[in-house]
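Here is my note on the model you sent round. Please read it with the structure open beside you.

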Amino acid sequence: MQKGGEMDTIKESNFDAEVLKSEVPVVVDFFATWCGPCKMIAPLFDELAREYSGKAKFVKIDIDESPNLASSYKVRGVPTLMVFKGGDIKSTMVGAQPKAKIAEEVNKIL
């Protein structure tokens, strides 16, 4: 999904195909356009997407555009990062995280 490190925002319509059925682990950033900490971690998320290219996928979900997804995954605050593998949540991080912490969680399941 990434095009030269560009992050795609996915929606409810393609969530199953892009996240749950992905052959590689997927890090999902539940975010909101009005969220300051979300904007703060966006460059880190983009860097990680480039660094893990081919090994893991990084996608974003705007909670205002996909409220049902946010609700079904019990997202209470943004940013919330979830690491999926094989359709299951393997890790959840709430709040702005340092790049090393996100990488650590991804490395656990690679």
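The points below go from the sheet to the helices, the cores, the rings and the exposed loops.

1. **Status of the model.** This is a predicted model. Please keep that in mind for every point that follows.

2. **The sheet.** Start with the strand order. Five strands make an open sheet, arranged E1-E3-E2-E4-E5. The pairing is mixed. Strand E1 (8–9) and E5 stand at the edges. Each has a single partner strand, so one side of each lacks a neighbour in the sheet.

3. **E2 and its partners.** E2 covers residues 26–31. E2 runs parallel to E3, and six bridges join the two. One point to find on screen is Phe 31, whose bridge partner in E3 is Asp 62. With E4, E2 pairs in the antiparallel sense, over five bridges. Here Phe 30 stands opposite Thr 80 of E4.

4. **E4 and the hairpin.** How much of E4 is buried? Five of its six residues are, so the strand is largely enclosed by the rest of the structure. E4 and E5 are antiparallel partners over six bridges. Phe 84 has Ile 89 of E5 as its bridge partner. The two strands form a hairpin with two residues between them. Gly 86 sits in that turn and has a positive phi of about 60°.

5. **H2 on the sheet.** Helix H2 spans residues 36–51. H2 packs on the sheet and touches E2, E3 and E4. The direction of H2 makes about 155° with that of E3.

6. **H4 has two sides.** Helix H4 runs over residues 99–109. Which of its residues are buried? They are Ile 102, Ala 103, Glu 105, Val 106 and Ile 109. Seen down the axis, these buried residues fall within an arc of 160°, so they line one face of the helix. An α-helix has 3.6 residues a turn, so residues three or four places apart point the same way. On the other side of H4, Ala 100 and Lys 108 are exposed. The buried residues of H4 pack against helix H2 and against strands E2, E3, E4 and E5.

7. **The largest nonpolar core.** This core has 19 residues. Val 19, Val 28 and Phe 30 have the most contacts inside it. Helices H1 (12–20) and H3 (67–72) each supply at least two of its residues, as do E2, E3 and E4. The largest share, four residues, comes from E2.

8. **Val 28 and the other core.** What does Val 28 touch, leaving aside its neighbours within four places in sequence? The contacts are Val 19, Phe 45, Val 59, Ile 61, Thr 80, Leu 81, Met 82 and Phe 84. Apart from the largest core lies another, of 15 residues. Among them are Val 27, Ile 41, Ala 49 and Leu 81.

9. **Aromatic pairs.** The structure holds six aromatic pairs. Phe 15 and Phe 84 form one that is edge-to-face, at 5.9 Å centre to centre with 80° between the planes. Phe 15 lies in helix H1 and Phe 84 in strand E4, so this pair ties together parts that are 69 residues apart in sequence. Both Phe 15 and Phe 84 are buried. Tyr 52 and Phe 58 form a tilted pair, at 6.0 Å centre to centre with 40° between the planes. Tyr 52 and Phe 58 are buried as well. Ring pairs also link Phe 15, Phe 30, Tyr 73 and Phe 84 into a cluster.

10. **Two exposed loop residues.** Arg 76 is in the loop between H3 and E4. Arg 76 counts as exposed because its relative accessibility is 74%, and the cut-off is over 50%. Arg 76 and Arg 50 are 26 residues apart in sequence and 28 Å apart in space, C-alpha to C-alpha. Gly 86 is in the loop between E4 and E5. At 63% relative accessibility, Gly 86 counts as exposed too. The C-alpha atoms of Gly 86 and Trp 34 are separated by 31 Å, with their positions 52 residues apart along the chain.

Note on methods:
Residues are numbered from 1 along each chain as its sequence is written. This is a predicted model: local features need pLDDT of at least 70, side-chain atom pairs count only at pLDDT 80 or more; totals for chains, interfaces and linings use all residues. Side-chain values use heavy atoms; hydrogens and water are left out. Buried means under 20% relative accessible area, exposed over 50%, partly exposed in between (1.4 Å probe, protein chains only). The arc is that of the directions from the helix axis to the C-beta atoms. Contact means heavy atoms within 4.5 Å. Two strands pair if DSSP finds at least two bridges between them. A nonpolar core is a set of buried Ala, Val, Leu, Ile, Met, Phe, Trp, Tyr and Cys residues joined through side-chain atoms within 4.5 Å. Axes are lines fitted to C-alpha atoms, for helices over the stretch in contact, and angles run from 0 to 180 degrees between N-to-C directions. Rings of Phe, Tyr and Trp (its six-membered ring) pair if their centres lie within 6.5 Å; planes under 30 degrees apart count as stacked, over 60 as edge-to-face and the rest as tilted.
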